[in-house]
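Dear colleague,

I am passing on the structure we spoke about, and would be glad if you could look it over alongside my notes. Please have it open as you read.

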Amino acid sequence: MTGAPDLDLSADVLALTRALVDTPSVSGDERALADAVETALRGLGGLEVERVGDTVLARTNLGRDGRVVLAGHLDTVPIADNVPSRLEGDRLYGCGTSDMKSGDAVMLRLAGRFGVPGAEPAYDLTFVFYDNEEVESVKSGLGRVVRERRGWLYGDLAVLLEPTDGEIEAGCQGTLRAVIGTTGRRAHSARSWLGVNAIHGVAGVLATLAAYQAREVDIDGCTYREGLNAVRIEGGVAGNVVPDECRVTVNFRYAPDRDEDAAEAHVREVFADALAAGATLTVVDNAGGALPGLTEPAAEAFVAAVGRPARAKLGWTDVARFAAFGIPAVNYGPGDPQLAHTREESVLVERLQPAEDALTAYLSGGRA
């Protein structure tokens, strides 16, 4: 574990966040940070610790009636001249401050409190620090745990400390990407009547998208708003050629009351006229969402402990992997999702301690 920085889990959550941010961990290059996290957790003495690639797993085995899983990814998007961290006024700036090293710092603080001999949490706890979340899902460290160490992920509630600005965001949307293609006949643009313009052929597809009315769905008091949008268009051969191919990539963000098959069926129904006219539709990615599960006792207790109403998660997160096991899961972290992945990424210092305090109260069996 050479090169791994020392992480002091007794330091306050701000100092710990800075230490994490100052250890670069762009997706695929998390080893040094994973080494540091593993060393710190093993040093507590009250946790079973296991390493799976650059994912670090740790858990208590106290025989409690319930188990809570806390999860967070160690990786960040590429650095944008924003490491090391810097503290300016009421904000800590740096790559990963919001997404999601402030959440990881909260997790480490909780591990430092409840992962020592003699600690008395109200639940058994599992901590999952995983790699490669910010890239294609096939590389996900959490996905690897699902395949190779699934038993580590079971619990009565999962909390992902993704950035939510201190609010509870329940469940998540599903996401589908599909490519709609049209074909034509290539010709010289000076004699365009001899060809069929494939770009013109997607006019109906674009009109359908512009007129699409997004559905809103209330589940457990959380309102999920769907969306269907063109996110890419490709076509054209040269400045003097009528193109014979055009492709529109669409992204459907769907409420978690639809599964993957229902989402695909809906998209095909929306573009039925274009498909009947000869267009093709190929689904290239489809990840189901997660129901909020707020009626589950563990989730109800968490909402009560935090003292904030839950809202829908508009986006896809790894809570979906837990939902697939029937485990209610929520997103709750101190970071600001609107600043994630930006050059100006930062976290409000005043969000850090309240997140730690709320989770401490919940895991202790009390209320914040």
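What follows is a summary of what was found, from the chain as a whole down to single residues.

Please bear in mind throughout that this is a predicted model. The chain has 368 residues, of which 52% count as buried, and its secondary structure is made up of ten helices and 19 strands. Its C-alpha trace spans about 80 × 45 × 40 Å along the principal axes. Among contacts between residues at least 6 apart in sequence, 78% join residues that are at least 24 apart.

The interior is where I would begin. The largest nonpolar core has 59 residues, and those that touch the most other members are Leu41, Leu70, Phe127, Val159 and Phe302. Helix 3, which covers residues 97-114, gives the most to this core, with eight residues. Apart from the largest core lies another one, of 20 residues, which includes Val69, Tyr130, Trp152 and Leu160. As general background, nonpolar side chains tend to be buried together in soluble globular proteins. Val159 is a useful residue to centre the view on: leaving aside its neighbours within four places in sequence, Val159 is in contact with Val68, Val69, Leu70, Ala71, Phe302, Val330, Tyr332 and Leu359.

Strand 6 deserves a view of its own. Seven of the seven residues of this strand, which runs over residues 124-130, are buried, so strand 6 is largely enclosed by the rest of the structure. In a regular strand the side chains alternate between the two faces of the sheet. Here, Asp124, Thr126, Val128 and Tyr130 point one way from strand 6, while Leu125, Phe127 and Phe129 point the other way, and all of them are buried. Strand 6 also pairs with strand 2 (residues 55-59), to which it is joined by four bridges in an antiparallel arrangement, with Val56 having Phe129 of strand 6 as its bridge partner. With strand 3 (residues 67-73) the arrangement is parallel, and seven bridges join that strand to strand 6; in this pairing Ala71 stands opposite Val128.

Turning to the cysteines, a search of the whole structure finds zero disulfides. Cys222 is in no disulfide, and the nearest cysteine sulfur, that of Cys172, is 12 Å away. Because its relative accessible area is 1%, below the 20% cut-off, Cys222 counts as buried. Cys95 likewise counts as buried, at 2% relative accessibility.

The largest pocket is the next place to look, and about 920 Å³ of space lies in it. There are 33 residues lining this pocket, and the closest to its centre are Glu133, Arg253, Gly315, Trp316 and Thr317. The elements that give two or more residues to the lining are strand 9 (174-183), strand 15 (245-254), strand 16 (280-287), strand 17 (310-312) and helix 9 (319-323). Strand 16 gives the most to that lining, with three residues.

Finally, some points of backbone geometry may be worth your own inspection. The peptide bond from Val83 to Pro84 is cis, with omega near 10°, and Pro84 has its place in the loop between strand 3 and strand 4 (86-88). A cis peptide bond also joins Asp99 and Met100, where omega is about -5°; Met100 has its place in helix 3, the helix that gives the most to the largest nonpolar core.

There are also aspartates to look at for their phi values. Asp165 has a phi near 60°, which is a positive value in a residue other than glycine, and it lies in the loop between strand 7 (157-160) and strand 8 (168-170). With a relative accessible area of 25%, Asp165 is partly exposed. Asp220, whose phi is near 55°, again has a positive value in a residue other than glycine, and is found in the loop between strand 11 (216-219) and strand 12 (222-225). Asp220 is partly exposed, with a relative accessible area of 35%.

With best wishes

Note on methods
Residues are numbered from 1 along each chain as its sequence is written. This is a predicted model: local features need pLDDT of at least 70, side-chain atom pairs count only at pLDDT 80 or more; totals for chains, interfaces and linings use all residues. Side-chain values use heavy atoms; hydrogens and water are left out. A nonpolar core is a set of buried Ala, Val, Leu, Ile, Met, Phe, Trp, Tyr and Cys residues joined through side-chain atoms within 4.5 Å. Buried means under 20% relative accessible area, exposed over 50%, partly exposed in between (1.4 Å probe, protein chains only). Contact means heavy atoms within 4.5 Å. Two strands pair if DSSP finds at least two bridges between them. A disulfide is a pair of cysteine sulfur atoms within 2.5 Å. On a 1 Å grid over the protein atoms alone, a cavity is a set of points where a 1.4 Å probe fits but cannot get out, and a pocket is an open set with protein on both sides within 12 Å along at least five of seven lines; lining residues have an atom within 4 Å of a point. Grid points are joined across faces, edges and corners, and a volume is the space filled by probe spheres set on the points.
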